[in-house]
Amino acid sequence: MKAIVSVREAVKNYILGNVVVPALRGVTLDVVEGDFLAIAGPSGSGKTTLLNLIGCVDTPTSGTVEVAGKDTRQLSERELTDLRLHTIGFIFQSFNLVSVLTVFQNIELPLLLQRKLNGPERAQRVAALLERVGLREYGAHRPSELSGGQRQRVAIARALVTRPQLVLADEPTANLDSVTGAHILDLMRELNRTEKTTFIFSTHDQSVMAHANAVVRLADGKLVDRVTPAQAAAETGLPA
Amino acid sequence: MSSSKLFVDLTIAFRNLVQHRRRTLFLGAAIAAVTALLVLLNGLSTGVRETMIDTATTLSTGHVNVGGFYKVTAGQAAPVVTNYKKVLAVVQKTVPEMAFAVHRGRGWAKLVSDTGSLQAGITGIDIRSEPKFSSVLQLESGKLEDLAQPGTILLFDNQAEKLGVKVGDALTISAPTTRGTNNTIDVRIVAIAHSLGLLSTWNCFIPIESLRALYQINQDATGVIQIMLNRKDFDHIPAIAARLRQALDQAGYRIMEPDPRAFWMKFQSVSREDWTGQKLDVTNWEDEISFMTWTLKALEGISYVLIVILVAIIIIGIMNTMWIAIRERTREIGTLRAIGMHRREVLWMFLLESLMLGLLATIVGVLMGAAVAAGLNAAHVPVPTGLQFFLMSPHLHLAVHGSLMVRAIVIITFVTGAAAFYPSLKAARLRPVVAMSHFG
Ligand SMILES: Nc1ncnc2c1ncn2[C@@H]1O[C@H](COP(=O)(O)OP(=O)(O)OP(=O)(O)O)[C@@H](O)[C@H]1O
Ligand SMILES: [Mg+2]
């Protein structure tokens, strides 16, 4: 299968004043199309940093990150934005919906930014996704009127509305209770199967990892190994 | 239920304004207040300017004038245009667009009553050929038509008071003639008008034949030809004056160099010049009342300074509010950037919010300003006597034209956008990673 993400020896250093904070110390990782991959690791291990690099919101200090065949270090700010707009969907830990827009408008927003579909086409697509995430009745509501789980479902719909090749989710269930979190993971998993969308999500929750095809484990900015969820669950001695 | 990009932009802008209701109302009220003040101050100076033009062009000047001096000897200048009908013919041919032209005699004399005396400019007019006169003057007593009879005079109330006279009383006018001797005539007061400020303290009107008799000048001589224009030609006054100078020069007249002063301020310099005979002087209304337009300039200057200060305050207010809004919305901006919003779209989003606030607030402000102006005009607010002198009107008059309202809206909205530009640019340059931060 084709690799949609290819990370080679990626190093990311943050500069804090005159201190260099190494967040990633040479990570190499391939993600193939249709994957449903979990990135696990303790707090500060570099999960968010790695997702930022893959999500083209940041570029590596050294090494390369290729997304959909494009080397992100070769792209301009504008090209990176276009790559995010057309290829990647984002699900955030704190949902990050636009509070002043309705649920419908939030989901429609990426389509408006793309300027590819006309009004009726957009409406149809948004309505279908609302149905899909179980929020058919909630199009006219504001995010503040929804529960956390409902908001994250809106966020999922927003991430999928452009039919991206890749969806990234940084700890999508961290702000949800475990039952709601499990529902969200089930929904993502289902969309992964039916839409063939590649998902990469980070977590440090064992039960969340259980949904993944594979678990990539990070520790201290390095990739430790790539295991099955079962293995990850069995080896509780490892940092998790 | 689907929506266009612009509609969503407008929705985001509008709802953000509504969301932060108190902040929006506060800033919007400030912008509206400044706009209203701009409209009022501008309406006041425009009103004063219009009153000034209106009054001055009736009492003491045309929009464009052909006056001049006649010198018997080099040292003796009289404000006289000889053979004026020929000059008038050139004027009529050269300025076909004029509304009408009148000619008036000019002089400076002593008015003597039984109980007092005063120095004043006297203007000789033919009241039957002065169509605008009655619309500007408000008579206290007497009749304007009686000024058609020879040996009569129209005074202003302040002059009548000083002289201790009323309609029907007699006055003696005493003036030096061009020959250097003093001459006097007796006149009967036929009308007393309400004072019109500065110009009316220095002016009174007698029939032109009486003026000619006083100064012992010919029937074919006058003081000045005053050309009245239609409002649409007010902007072309300098061009018309230049055209007249050229035409009169070609007709063989000697023309004085342009000099933006009232005719009575030119006596000294003209008397010093080494020539005799006739020279014509083409001036405009601003020249003839230059000694008093400083009041208008001062008023405009004060308004200008005030507006600049107020605008500076709203600029600071807007920028401050923008910084707060951007700090609050850092995560939202990062999110939008992450999901594919371009920098210029973020810039536009914030600019739009400010422009929307600016537009709404300025429209409200302009309407408020216009309403207050209309109220003040309708209330006939009396101008304090001291100020009447300069404003040349007993009542406050604010002229708020549509063009002023549109200009105020455009300018202040533009200022709002300009003030928001730098903060918006900063917002647009926020990095999308901030969306992922757990804080804020
Ligand atoms: N903007 C930043 N400036 C400086 N250091 C940073 C920054 N972001 C992350 N780091 C550091 O980089 C390292 C990796 O951080 P990262 O956020 O990627 O970890 P994480 O695995 O996502 O942690 P968590 O589970 O807490 O989200 C940490 O040591 C962190 O302190
Ligand atoms: Mg993280």
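**Figure 1. Asp220(A) sits in a loop between two strands of chain A.** In this predicted model, Asp220(A) is exposed, with a relative accessible area of 53%. The cut-off for exposed is over 50%, so Asp220(A) at 53% counts as exposed. Strand E9 (214–219) precedes the loop and strand E10 (222–227) follows. The phi of Asp220(A) is positive, near 55 degrees, and the residue is not a glycine.

**Figure 2. Phe95(A) is a buried loop residue with a positive phi.** The loop runs between strand E6 (88–91) and helix H3 (103–114) of chain A. Phi of Phe95(A) is about 70 degrees, although Phe95(A) is not a glycine. Its relative accessibility is 10%, so Phe95(A) counts as buried. Asp220(A), by contrast, is exposed at 53%.

**Figure 3. Leu75(A) lies in the loop that joins strand E5 and helix H2 of chain A.** Strand E5 covers residues 70–71, and helix H2 covers 77–87. Beyond neighbours up to four places away in sequence, Leu75(A) touches Lys70(A), Leu80(A) and Leu83(A). Cys56(A) is 19 residues away along the chain from Leu75(A). The C-alpha atoms of Leu75(A) and Cys56(A) are 9.6 Å apart.

**Figure 4. Ligand 1 occupies a site shared between chains.** The site is shared because residues from chains A and B surround ligand 1. The shell holds 14 residues. The closest are Ser43(A), Gly44(A), Lys47(A), Thr48(A) and Thr49(A). By class, the shell has eight polar, four nonpolar and two charged residues.

**Figure 5. Polar atoms of chain A approach oxygen atoms of ligand 1.** A polar side-chain atom of Thr49(A) is 2.5 Å from an oxygen atom of the ligand. For Lys47(A), a polar side-chain atom lies 2.8 Å from a ligand oxygen. Gly46(A) contributes through its backbone: an N or O atom there is 3.0 Å from an oxygen atom of ligand 1. Taken alone, ligand 1 exposes 630 Å², and the protein buries 67% of that. Two elements of chain A give two or more residues to the shell: strand E1 (3–16) and helix H1 (47–54). H1(A) gives the most, with three residues.

**Figure 6. Glu345(B) links to chain A through a side-chain contact with Arg115(A).** Glu345(B) belongs to helix H13 (residues 343–378) of chain B. Is Glu345(B) buried or exposed? At 5% relative accessibility, Glu345(B) counts as buried. The side chains of Glu345(B) and Arg115(A) form a polar contact of 3.0 Å. Within chain B, the Glu345(B) side chain reaches the backbone nitrogen of His342(B) at 2.8 Å. Leaving out residues up to four places away in sequence, Glu345(B) touches Leu113(A), Arg115(A), Lys5(B) and Gly340(B). Ala428(B) is 83 residues from Glu345(B) along the chain, yet their C-alpha atoms are separated by 7.8 Å. For the complex, the predictor gives an ipTM of 0.93 and a pTM of 0.79.

**Figure 7. Helix H12 of chain B is mostly covered.** The helix spans residues 330–338, and eight of its nine residues are buried. The buried residues are Arg331(B), Glu332(B), Ile333(B), Gly334(B), Thr335(B), Leu336(B), Arg337(B) and Ala338(B). Gly340(B) follows H12(B) and has a positive phi, near 115 degrees. Gly340(B) is also among the residues touched by Glu345(B).

**Figure 8. Asn183(B) reaches two backbone oxygens with its side chain.** Asn183(B) lies in strand E8 (residues 182–193) of chain B. At 16% relative accessibility, Asn183(B) counts as buried. Its side chain reaches the backbone oxygen of Ala213(B) at 3.2 Å. A polar atom of that side chain lies 2.8 Å from the backbone oxygen of Leu214(B). Contacts of Asn183(B) beyond four places in sequence include Ile173(B), Ser174(B), Ala175(B), Thr177(B) and Gln216(B).

**Figure 9. Thr295(B) is a buried residue of helix H11 in chain B.** The helix covers residues 293–328. Thr295(B) has a relative accessibility of 14%, so Thr295(B) counts as buried. Apart from neighbours within four places in sequence, Thr295(B) is in contact with Met52(B) and Phe390(B). The mean pLDDT of chain B is 90, and 98% of its residues reach 70 or more.

Terms used. Residues numbered from 1 in each chain as written. Chains lettered and ligands numbered in written order. Predicted model: local features only at pLDDT ≥ 70, side-chain atom pairs only at ≥ 80, totals over all residues. Heavy atoms only, no water. pLDDT = per-residue confidence, 0-100. Near = heavy atom within 4 Å. Polar contact = N/O pair within 3.5 Å; in protein donor to acceptor, adjacent residues only side chain to side chain. Areas by Shrake-Rupley, 256 points an atom, 1.4 Å probe, with all protein chains shown as cover. Helix = DSSP H or I, 4+ residues; strand = E, 2+ residues; numbered from the N terminus. Nonpolar A, V, L, I, M, F, W, Y, C, P; charged D, E, K, R; others polar. Buried < 20%, exposed > 50% of the residue type's maximum accessible area, 1.4 Å probe, protein only. Contact = heavy atoms within 4.5 Å.
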